[in-house]
Amino acid sequence: MQANKRFSREVIRYLRGEIREAGGNEVYAFGWLDEQGLVGRAEVQARGNEGAVLALPERQEAFGDAPDVLIHNHPSGFLVPSDNDLAIAGRAAEAGIGSFIIDNEAAELYAVVEPTRRRKVRKLDAEAISASLEEGGAVAARLEAFELRPSQLGLMRLIIRGFNEDALVAAEAGTGVGKSFAYLLPALNYALDNDERIVISTATINLQQQLYDKDIPLVAAALAGRGEIKAVLVKGRGNYLCRRRLHDALREVEAGLLEDEEFHALRAINDWAESGAAGSRSDLPFMPPETIWSRVCSESDLCMGMRCPERERCFFLALRRECSGARILVVNHHLLFADLAARDRGAGYDATVVLPPYRRVVIDEAHTVEDSVTSFLSESFSRLSLGRALGRLYRVRRSQRRGLLLRLAGLLPASFGAEAQAEEAGAEIEKLRAFSGELDGEALDICREEGAFRLTPAREALFGGLVSRLAGLRRQLSSLAERIRLMVEGVSPDGEEDPAVWEIKSILRRLDAVMGVCSAFLEYRERDREVLWLERHQGASGNWAEFHLTPIDVAPRLKEILFEPNRTVVCVSATLTVGGRFDHWGGRSGFNLARDREALSGVYPSPFPYASSVLLAVPSDAPLPEEAPFRSFVDQAVGALAGSSGGSALVLFTSYEALRSSWAAASPGLERQGIRCLKQGDDDRGRLLKTFLEDESSVLFATHSFWEGVDAPGDTLRLVILCRLPFKSPGDPVFEARCEALEKQGGNAFMDLSLPESVIKFKQGFGRLMRRSSDHGVVAVLDGRILKKRYGSFFLRSIPETRRSFAEFSGVLRDTENFLFSRRGAAP
């Protein structure tokens, strides 16, 4: 075929010139179709060798403006595709990309695969969308108490640009801006106009539920005249029941292989599953033990797919079918990163992996992105997690042998000696349990009171005894795994579909992962991009240690899996900046590394009346944390402040030790005043928050996780006490390693990492107070550094302008009481 039927004249001239400049050798280019369907633009990507063209599919996946067609020449003039040409064309075709071969004059063309014509993208109309959030607008009319918020409209216009310009967006939106509507309106409009799927990711379950149950239905109703838009709330696979695993567990009950209490829990789950439930753990009317739920939940490596007898009734497949027809998916960060990582590993961006395909993402609570992806990429094991896996394989209770290995033995021919093999494997497992207990004891000794230990060359001598233990654990696990694999290989084809075989294969993969962590510790000098560390835990069953493998710098990975391949990524949070700049968050999250992408950013302050409704109270006589009187000062100040406010207080700490000390000192006096004192750790987070919200006079003593995600409007919360500036402990292994990495790169660990992270968390803690425009109250900071250290100004400048009381504690106490009980906070 003549090339001018597929190429514009300009492209023909361009390709001809590039081929001549390459001496007539092979040239490989990307091409883009114009409105007439011709290749109207081309860019050469590689020259002269076959290896270059083999890399093109990977390059096109990462290309911001994905090409419509791959183009290369055959210098021989023989335009029949080779095997390599066909392989590359096939991979490109999966992404809807065509493949052309041309001669050296760009006169003749062979179309291996025709390109798919792009649909014309409909740009969002900023004026029309903004009008829906103005007086009388479609969304405004549906809100109970609408008020025009210029900052919300400004944020929405920025996000609209992000969609229209295929850009990255970073936006800080203060409390009360209304960021949810500011991104939902562009997202839902874009999904309707262009029939595209958009993923909205959050860090907390509360925000997921709010978006799915309240905000999205409201916006969808406002857009109902333009068409129906389907949204689905997606949870991780482990949140859904697997019927096949449940029935398998019930068969173990019938065989007498489970305890009575396990039987009752499983029977209750089965009754619930048959009652028409959707299969989500959160919908259960009771909370099953983790050991039971992990036995029956859906897991990817245990899924039998088309061969599953419960496929037609599968809860997770029902969810997938729902997702395939949805244009808005509401997910959490961990699920999003699981999907992105799988795509980056080779699954591609046009197939269903964890989620159906998408190319536009909105990330709310984006300040948590680094922590979320760090958690996802980390690996760990402990005596307890290993014990659970081994217990599934083989255990002895009340003189009865139980476990999957016994079921596996029943699938093997008599000639295999399966019973003896199972017995020997069982003996190995018992030895492993004892050995892991000894390893755990030594690890706890190393952690000591600090609660954590990081393995470094300087500390290698302290770790020395564990080296042989870890090597021994790896060796024993390898021996056990090899024995079990030989047993699995002996199963006949008829028995390969038995659920026990699938369960055992999954456990073997987990044992492999444990061996991988062991190997990482033994080879730690070669793992300079990761932190190898131990962590001490306390629980009802005693103390135990956990071995961790954690990446030091996740920014390059985030750039690769999130910011490069997606056309639009919108990142919003109330706390992304330090001093009004995104430098810190942008550097840590990978946002700043995507330099070849258009990036937009903006700061949109809260519309709330902080200047009249909030008092920032800082005792000028507060000691510094390193000074001896600091602990007793905080303990007494907490009791006095909470008493003066009549409760309704959230007291935030940076350590459990400090929390326990203040609670012990303050709670007796407060309880005598009729003020209920709640303490983190006495109940699970959800129930503790519910109790706090229902009792307006209560005081909640809490630490790390409560610095954010607490929404207590009105008189429930009138006083927030920040006992200490939230700097990370220098002994935190991951933080320590990241500080060292910064210093090696010529940075300043305090100014570039420690201070910015603390300021962002301080902003989160401060933001707990003002949740509605009608709220008023006091934020008290008991750390003397905020006034006495030069860097204290970073914290003061990071929050909105408020009333201030910077006086001796007696004056602060008086001002606090006056402010809270005078009408709407008259001047103290």
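In this predicted model, Cys447 is buried, with a relative accessibility of 0%. Although a cysteine might bring a disulfide to mind, the sulfur of Cys447 has no partner for a bond, because the closest cysteine sulfur, in Cys518, is 15 Å away and thus too far. Cys739 can be read in a similar way. This residue is also buried, at 14% relative accessible area, and the closest cysteine sulfur to its own is that of Cys447, at 20 Å, which is too far for a bond. A disulfide is a covalent bond between the sulfur atoms of two cysteines. With a cut-off of 2.5 Å between the sulfur atoms, the count of disulfides comes to zero.

Cysteines appear again in the description of the internal spaces. Three cavities of 30 Å³ or more are found when the whole structure is searched. The largest of these cavities holds about 160 Å³ of space. Its lining is made up of 18 residues, and those nearest the centre are Arg237, Cys242, Cys303, Cys308 and Cys314. Two elements, helix 9 (243-254) and helix 12 (315-324), each give two or more residues to this lining. Helix 9 makes the greatest contribution, with three residues. By character, the lining of the largest cavity consists of nine nonpolar, seven charged and two polar residues.

Helix 17 offers a view of a buried serine. Ser436 belongs to this helix, which spans residues 418-447, and the residue counts as buried because its relative accessible area is 6%, under the 20% cut-off. Within the helix, a polar atom of the Ser436 side chain lies 2.9 Å from the backbone oxygen of Arg433. Beyond the residues up to four places away in sequence, Ser436 touches Arg383 and Leu386. The chain also brings Leu473 into the surroundings of this serine: the two residues are 37 apart along the chain, while their C-alpha atoms are separated by 7.2 Å.

Helix 13 (residues 333-347) can be followed from one end to the other. At the N-terminal end, Asn332 acts as a cap, with a side-chain oxygen 3.2 Å from the backbone nitrogen of His334. Along the helix, the buried residues are His333, Leu335, Leu336, Phe337, Ala338, Asp339, Leu340, Ala341, Ala342 and Arg343. These buried residues pack against three strands, namely strand 7 (198-202), strand 9 (328-332) and strand 10 (360-363), and against two helices, helix 14 (369-377) and helix 20 (555-563). Just past the helix comes Gly348, whose phi is positive, at about 85 degrees.

The loop that leads from helix 13 to strand 10 contains Arg359. Despite its charged side chain, Arg359 is buried, with a relative accessible area of 13%. Apart from neighbours within four places in sequence, Arg359 is in contact with Arg197, Tyr349, Asp350, Pro565, Asn566, Arg567 and Thr568.

Positive phi values also occur in residues other than glycine. Ala106 is one of them, with phi near 55 degrees. Its place is the loop between strand 4 (98-102) and strand 5 (109-113), where Ala106 is buried at 1% relative accessible area. Ser648 likewise has a positive phi, near 50 degrees, and sits in the loop that joins helix 23 (630-644) to strand 20 (649-652). This serine is buried too, with a relative accessible area of 2%.

A last buried loop residue is Gln680, found between strand 21 (677-679) and helix 25 (685-694). Its relative accessibility is 13%, and therefore Gln680 counts as buried. Two polar links involve the Gln680 side chain. One is a polar contact of 3.3 Å with the side chain of Tyr656. In the other, a polar atom of the Gln680 side chain lies 2.6 Å from the backbone nitrogen of Thr703. Tyr656 and Thr703 both appear among the contacts of Gln680 outside its neighbours within four places in sequence, and the rest of that list is Leu659, Leu688, Phe701, Ala702, Ser705 and Phe706.

Note on methods
Residues are numbered from 1 along each chain as its sequence is written. This is a predicted model: local features need pLDDT of at least 70, side-chain atom pairs count only at pLDDT 80 or more; totals for chains, interfaces and linings use all residues. Side-chain values use heavy atoms; hydrogens and water are left out. Helices (H or I, at least four residues) and strands (E, at least two) are DSSP runs, numbered from the N terminus. Buried means under 20% relative accessible area, exposed over 50%, partly exposed in between (1.4 Å probe, protein chains only). A polar contact is a pair of N or O atoms within 3.5 Å; within protein, one must be able to donate a hydrogen and the other to accept it, and residues adjacent in sequence count only if both atoms are side-chain atoms. Contact means heavy atoms within 4.5 Å. On a 1 Å grid over the protein atoms alone, a cavity is a set of points where a 1.4 Å probe fits but cannot get out, and a pocket is an open set with protein on both sides within 12 Å along at least five of seven lines; lining residues have an atom within 4 Å of a point. Grid points are joined across faces, edges and corners, and a volume is the space filled by probe spheres set on the points.
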